[in-house]
Structure formats: structure tokens, C-alpha cells
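Colleague: I am new to this structure and would be grateful for a close look at a single part of it. Please begin with one residue and then work outwards to its surroundings.

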Amino acid sequence: MKRFLATYKTLRTRLQGKRCNKTFWSILFLAVFLSCHFFLDVGLFFDAGLDPTSKEKQKAFAAKDEQADSALRNEAPSPQEDSAPRRVEKTLSVSSGDTLMGLLVRAGLARIEAHSVISSLEKVFNPRRLREGHEICLTLTDLPEKKNSLHRLNLKLDIAREVQVERCDENGFISREIVHELETRPVRVQGQIESNLYDSALGAGVPLEVLVQMIRAYSFDIDFQRDIQTGDEFSAMYEEESNRRDGVARAGALLYSCLTTGGRSVAVYRYETMDGQVDFFDSRGKSIGKTLMLTPIDGARLTSRFGNRRHPILGYSRMHRGLDFAAPIGTPIMAAGDGIVQFAARKGDYGKYIRIRHPNEYHTVYAHLSRFASGVRRGVRVKQGQTIGFVGSTGLSTGPHLHYEVHHRGKHLNPAKMASPPSRTLKGEELERFMIAKKDLESLFASLQGRDRLALVDEER
Ligand SMILES: [Zn+2]
């Protein structure tokens, strides 16, 4: 037994500080197997009284140990590994600035091989479209003449699509695009608002993509600063798409939501009209969210209203022609409505400044930004709720905040008192169709009772 323990200890010492890869474990197993065999043999000899106390035997055992030890030192492959080549999987995450060539070479591929992998891939995917966050899985083989030879590469583009490059002969690769079938299911979430909708909804498991749709849907009906109080309630139902193979899911369209503030419930329903327009409608079939947002920023505090006030820097009283929202630097600012960027640059006291032209001669202005969102520049079309820039304190400003103005036909409006422009109201056959769709959404929502996201998470705990 001593000998066995000694062998085991030696092996353990050798394994420590090294990566316990497959080879090591195979060798450990081999060595233990040999030692056990040795004991069995010795035991049998002793039991049978046949042991000739032979020094030969001991020499033979020593030789066996010697073999095991030398195997360890040289990391020689075990016999099984000769027949099947060793495969290693590596997962690479694409960071900004990475090129496919750079990634493959860093993963250990020879430059010439990386080159032929990329030219094969190019038949189904343009490597310039490689983006931060993409994931690449490599399966590498160690061949006797070449280390880190590529067996297969999988590039996951999103939950539904991936491209694969696979070795087909010694120097050739074949590429194909794989499209996974997606399963769509409705998900119900609900909760109470503690401080603001943003934190409470995320805390209840509402995905950010869905929350943005909720904020857009309510942006003209509800003033997120004044209307929402602790204890108010929200609920939502949205589509979740998942990949059947590995179950990875992504949030899709918001189908229904209800916000109860101060005893008043406002429900919105996603509905596709007969002419193919998808929009949110209230319970009576009136479209919402097509007007300008009262609050083009979330999680902010209104610090200065529209009207006369003493200017904090200039020291004298002057008209404040907008609303100020205090928020930390970097808080995203949304376009208050669909429109075209007329101006996105520095503008005197306004600092970094954006002006958007909306339909019906409306304009909105956003000032003191720390930076603009990528792609936001003069002439670019933006959608309501789209992030156009980030809160800062540029220009004449006492601290990080957004200065927001609404103009109509060249006059400054008080955004808090804007009358809502007319929106679409469904009538006749369209209204009947909507009422059926609305009932369907309500019963689907009711059928998911007790199966909402938070309840499921609690069950898992
Ligand atoms: Zn201001």
C-alpha cells in the first residue's frame, strides 16, 4: 500500500501547478491501473506463498513505475489517443477592433491556414461584418506534423443564424450558413413601482428592449416624472423567441401592457391594421405614441420648468424656454418623435446640441450633451425613442442635465402643456377587428397568470 500511496503522491505533485488536461488524466489513470495490477500480483504471490522474495520482481515493478514516470515527463499520448486525434475547443469573443485574421492567429492557427479559412468563409459571410459581441467557436486538432490545425469554426451571428467552416480535406474548407428554427412564446411580467418605472420593470425581469417599447407606448399619455408614484403597478406581455437547439432566447415585440397610476389604468395593445401598419392602440382603438414625448429621457428628475426664473449662472432673471432634467452624465437621451436631424454639433451656450425636425412643423432641441450617439448627424432620420445622445454638461451649464425644448412654427412651447396632435382612431370593420384582437390578447395574458417571469424565477430558487 505504501508503494501505491507513494506513486499516487508523486503523480499528484507532478500534476500540481500544471493544467490537468486530458493527457494527464489518461496517464494518471494508466499509472493507477498499473499500480493496482502490481498490488494484485503481489497479493496473489504472497497469498499463495509463491513469492520467491524475488529481486527480479521488484526490479520489474520498478521498471513499470519508471515507464509511468517517463510517460508523465514526456506527455506522450496514450495508445487510445493515437487512433483519434486530440480535439480542443476554443471560444473567442469578438471585441471592437478585432479582425478575423488577428483572432485566428492569436488562437494559434498558422497564417496560411487562417487565410484559407477566411477565403472559404467569405463565400457565405463578409468578415468585415464581424461585430463586437459575436462569438466564434473553434475546434482544433493537433496533427503529428502540425499543431492547432482547424477542424471546424462556428460563428454565431444571432440566435437564429450561424456560419460554419469545416475542413473537407487536408487543405480545403467548406462553408455554409445554418439557420436555426425559432420558437415564439408569450411571456408575462408584472410588478409594483418602487422608485421609477425603469428600475422596477428591469427588477421584475422586463428585458430592456421591451421596456423601451413600453416607454414609447406611454410617452404621451403618462408623464413619467409626475404621474408615477410608489405603489403604482405595471404589467406587460411580450414575445420571446428562442433557439430550439440551445434554448438561447431574445425578447421580441411588446404585445400588451397596462400601467396603473393613482388608480387610473391605461392599457395598450399591439395591433396590425388591415393596411399592414403595426401600432399600439388604447382600449377604445385610438393609436398612441405617435406624438412627441413629454420626457425624452428616463430615470431623470425635472429640475427646472418652463417660464421665468433666475438663471443659475448669469444671475439675472430670464425666460427658461424649455425643461431641464437632471441625470448622471452618460444617461441616454431619446428622440422625442420620428423626424430628421437638422443640427448635431456644438452651439454656443447650448454646448453639444441636437435639433430634430418633426412632422407638423414641430422641432425639438436637446442641449448640454456629453456626446452624440453614433450615426446621429445632420440629415439623418431618427425614430421616436431612439437614443440620439447622452447627458453631459457642455456649454453654459451648472451640472449634468438635459435641456429640452419644443418649438412649433418657430415658437417655444411648454412641453408639459403640449396639446396632443390628432392620432388615428379605428372605425367600422377595422374597429371590430381590433376588438377581437384585443380580447385575444387579454385572454392570452390571463392564461399566463402565475406563470410570469418572476414567479418562474422564484420557483427555480
Ligand atoms: Zn435649461
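Does His-368 count as buried or exposed, and how many C-beta neighbours does His-368 have inside 10 Å?

Modeller: The model is a predicted one, and what follows should be read in that light. His-368 counts as buried, because 24 C-beta neighbours lie inside 10 Å, and the cut-off for a buried residue is 20 or more. His-368 is placed in strand β18, which covers residues 362-372. The backbone of His-368 also deserves attention: its phi is positive, at about 70 degrees, although the residue is not a glycine. Most residues other than glycine have a negative phi.

The strand around His-368 may be considered next. Of the eleven residues of β18, nine are buried, so the strand is largely enclosed by the rest of the structure. Strands of a sheet pair through backbone hydrogen bonds, either parallel or antiparallel. Strand β17 (residues 352-358) is joined to β18 by six bridges, and the two run antiparallel. Within this pairing, Ile-356 has Thr-364 of β18 as its bridge partner. Strand β21 likewise pairs with β18 in the antiparallel sense, over six bridges. There, Tyr-362 stands opposite His-408 in β21. Strand β20 (residues 387-391) is joined to β18 by three bridges, again in an antiparallel arrangement. Leu-369 stands opposite Val-391 of β20.

Following β21 leads to another residue with a positive phi. Arg-409 lies in the loop between β21 (401-408) and β22 (411-413). Its phi is near 50 degrees, a positive value in a residue other than glycine. Arg-409 is exposed, because 9 other C-beta atoms lie within 10 Å, whereas His-368 is buried.

Further along the chain is helix α9, which comprises residues 428-447. At 1.5 Å a residue, its 20 residues should span 28 Å; the C-alpha atoms at its ends are 29 Å apart, which agrees. The buried residues of α9 are Phe-434, Lys-438 and Phe-445. Viewed down the helix axis, these buried residues fall within an arc of 40 degrees, so they line one face of α9. An α-helix has 3.6 residues a turn, so residues three or four places apart point the same way. The face of α9 turned away from the buried side carries exposed residues, namely Glu-429, Glu-432, Ile-436, Lys-439, Ser-443 and Ser-447.

The buried residues of α9 pack against β6, β7, β8, β9 and β10. These five strands form an open sheet in the order β6-β7-β8-β9-β10, with antiparallel pairing. β6 and β10 stand at the edges with a single partner strand each, so one side of each has no neighbour in the sheet. From one strand to the next, the twist averages 20 degrees. Helix α9 lies across the strands β6, β7, β8, β9 and β10, and runs at about 115 degrees to β9. Another helix, α8 (residues 208-218), lies across β7 (233-243), β8, β9 and β10, and runs at about 40 degrees to β8.

Within this sheet, six bridges connect β8 (residues 249-261) with β9, and these strands run antiparallel. Cys-258 has Ala-267 in β9 as its bridge partner. From β9 (residues 264-272), four bridges lead to β10 (residues 278-281), again with the strands antiparallel. Arg-270 has Phe-280 in β10 as its bridge partner. β9 and β10 form a hairpin with five residues between them, and Gly-276 in its turn has a positive phi of about 85 degrees.

At the β6 edge, the chain continues into a loop. Ser-195 lies in this loop, between β6 (182-192) and α7 (197-203). With 10 C-beta neighbours inside 10 Å, Ser-195 counts as exposed. Its C-alpha atom is separated by 9.7 Å from that of Asp-232, and the two residues are 37 residues apart along the chain.

Note on methods
Residues are numbered from 1 along each chain as its sequence is written. This is a predicted model: local features need pLDDT of at least 70, side-chain atom pairs count only at pLDDT 80 or more; totals for chains, interfaces and linings use all residues. Two strands pair if DSSP finds at least two bridges between them. A residue is buried if 20 or more other C-beta atoms lie within 10 Å of its own, exposed if 12 or fewer, and partly exposed in between; C-beta atoms are placed from the backbone. Axes are lines fitted to C-alpha atoms, for helices over the stretch in contact, and angles run from 0 to 180 degrees between N-to-C directions. Two residues are in contact if their C-beta atoms, placed from the backbone, lie within 7 Å. The expected span of a helix is 1.5 Å times one less than its number of residues. The arc is that of the directions from the helix axis to the C-beta atoms.
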